[in-house]
Amino acid sequence: MTIICLEGPSYGGKTTAIGHLRTTPELADRAVFLGCYVRHLRRTHPIPPARTYSASEQFAAFETFMTAEIDRVAQATENPGRLVILDRSVDTLMAHAYAMDQLYGFRVHAQVRRRLEELPHLRPDHTIYLDVSAETLRRRRRTEAGSLAESEYFLHDAAFLAQARAYFLDKPQPPITRQITVLPADAPPGRIAKTVQDLVEAWSR
């Protein structure tokens with residue numbers, strides 16, 4: 001089984017890229033596509049807030065998200081030997097914990113990493129990190145969310161974006177994935193999706 005994950009900030013282009021992969025005949029017939037944690041949790045749990053206010057609240061959010069990860073593990077292992085495409089992986093949870101440690105001194109990252117070792121989870125063989133500027137993210141959010149766009153959107157807070165990005169690119173703590181490929185993604189999402197397709201097809205041959 002080959003596991004390929006797309007990571008990056010909210011509104012970074014992951015949904016467009018994965019949607020494009022789903023329509024690629026060479027991939028659609030043999031790939032298992034597993035949606036992000038929020039999509040899984042909406043069926044069973046309230047979504048934890050992006051902005052937590054204590055280490056205990058951050059750890060509780062991690063535990064909730066891991067209920068979705070366990071569900072994704074079950075779906076992936078139903079079809080052993082196939083290609084698995086993930087919209088986010090446990091590295092999303094690690095990056096969030098790392099960022100909250102850096103911003104608010106929660107000191108929870110090491111705790112959730114130890115906890116992760118006790119739980120079933122999918123370790124990507126390849127992760128594509130869509131690296132998008134803050135200005136592009138704001139523009140896309142305004143375009144896609146329209147009047148529903150929040151004036152204060154924590155996942156686009158400059159300090160949070162910088163720390164979450166540092167987890168993947170600067171690697172202060174080793175990510176869970178085996179390999180990260182950084183893809184500059186300020187171009188139109190459709191163009192980025194084609195580049196993602198080329199990478200996925202090369203890795204899955």
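**Exercise 1. Is Ser89 buried or exposed?** Then place Ser89 in the chain and list its contacts from farther along the sequence.

*Solution.* Keep in mind that you're working with a predicted model.

- Step 1: Look up the relative accessible area of Ser89, which is 1%.
- Step 2: Buried means under 20%, so Ser89 is buried.
- Step 3: Find Ser89 in the chain: the loop between S3 and helix H5 (90-104) holds this residue.
- Step 4: Skip the neighbours within four places in sequence, and Ser89 turns out to be in contact with Cys5, Glu7, Tyr37, Arg72 and Pro124.

**Exercise 2. Work out what kind of aromatic pair Tyr37 and Phe65 form, and say which parts of the chain the pair ties together.**

*Solution.* A ring pair is described by two things, the distance of the centres and the angle of the planes.

- Step 1: For Tyr37 and Phe65, the centres are 6.0 Å apart and the planes make 65 degrees.
- Step 2: An angle over 60 counts as edge-to-face, so that's the label for Tyr37 and Phe65.
- Step 3: Now the elements: Tyr37 belongs to helix H3 and Phe65 to helix H4 (residues 55-77), so the pair ties together parts 28 residues apart in sequence.
- Step 4: Check the surroundings. Tyr37 and Phe65 are both buried, and the charged end of Arg72 sits over the ring of Tyr37, 4.3 Å from its centre.

**Exercise 3. Do the same for Tyr104 and Phe106, and decide how exposed each residue is.**

*Solution.*

- Step 1: Here the rings are 5.9 Å apart, centre to centre, with 35 degrees between the planes.
- Step 2: Stacked needs an angle under 30 and edge-to-face one over 60, so Tyr104 and Phe106 form a tilted pair.
- Step 3: Tyr104 has 35% relative accessibility, so Tyr104 counts as partly exposed.
- Step 4: Phe106 comes out at 13%, so Phe106 is buried.
- Step 5: Tyr104 has a charge over its ring too: the charged end of Arg51 is 3.8 Å from the ring centre.

By the way, the structure holds 8 aromatic pairs, and ring pairs also link Tyr98, Tyr129, Tyr167 and Phe168 into a cluster.

**Exercise 4. Describe the second largest pocket: its volume, its lining and the classes of its residues.**

*Solution.*

- Step 1: The volume of this pocket is about 170 Å³.
- Step 2: Its lining has 14 residues, and those nearest the centre are Ile18, Arg22, Gly35, Arg39 and Asp87.
- Step 3: Four elements each give two or more residues to the lining: helix H1 (14-22), strand S2 (31-34), helix H3 (37-41) and strand S3 (83-87).
- Step 4: H1 provides the largest share, with 5 residues.
- Step 5: Sort the lining by class and you get 5 nonpolar, 4 polar and 5 charged residues.

**Exercise 5. What is unusual about the phi angles of Tyr11 and Arg107, and where do these residues lie?**

*Solution.*

- Step 1: Start from the general rule: most residues other than glycine have a negative phi.
- Step 2: Tyr11 has a positive phi, near 70 degrees, and Arg107 has a positive one of about 60 degrees.
- Step 3: Tyr11 is in the loop between strand S1 (2-7) and H1, while Arg107 is in the loop between H5 and helix H6 (109-116).
- Step 4: Tyr11, with a relative accessible area of 25%, is partly exposed; Arg107, with 75%, is exposed.

Notes
Residues numbered from 1 in each chain as written. Predicted model: local features only at pLDDT ≥ 70, side-chain atom pairs only at ≥ 80, totals over all residues. Heavy atoms only, no water. 1 Å grid on protein atoms, 1.4 Å probe; cavity = no way out; pocket = protein on both sides within 12 Å on 5 of 7 lines; lining within 4 Å. Points joined across faces, edges and corners; volume = space filled by probe spheres on them. Nonpolar A, V, L, I, M, F, W, Y, C, P; charged D, E, K, R; others polar. Phe/Tyr/Trp six-rings, centres within 6.5 Å; stacked < 30°, edge-to-face > 60°. Buried < 20%, exposed > 50% of the residue type's maximum accessible area, 1.4 Å probe, protein only. Lys NZ or Arg CZ within 6 Å of the ring centre and 35° of its normal. Contact = heavy atoms within 4.5 Å.
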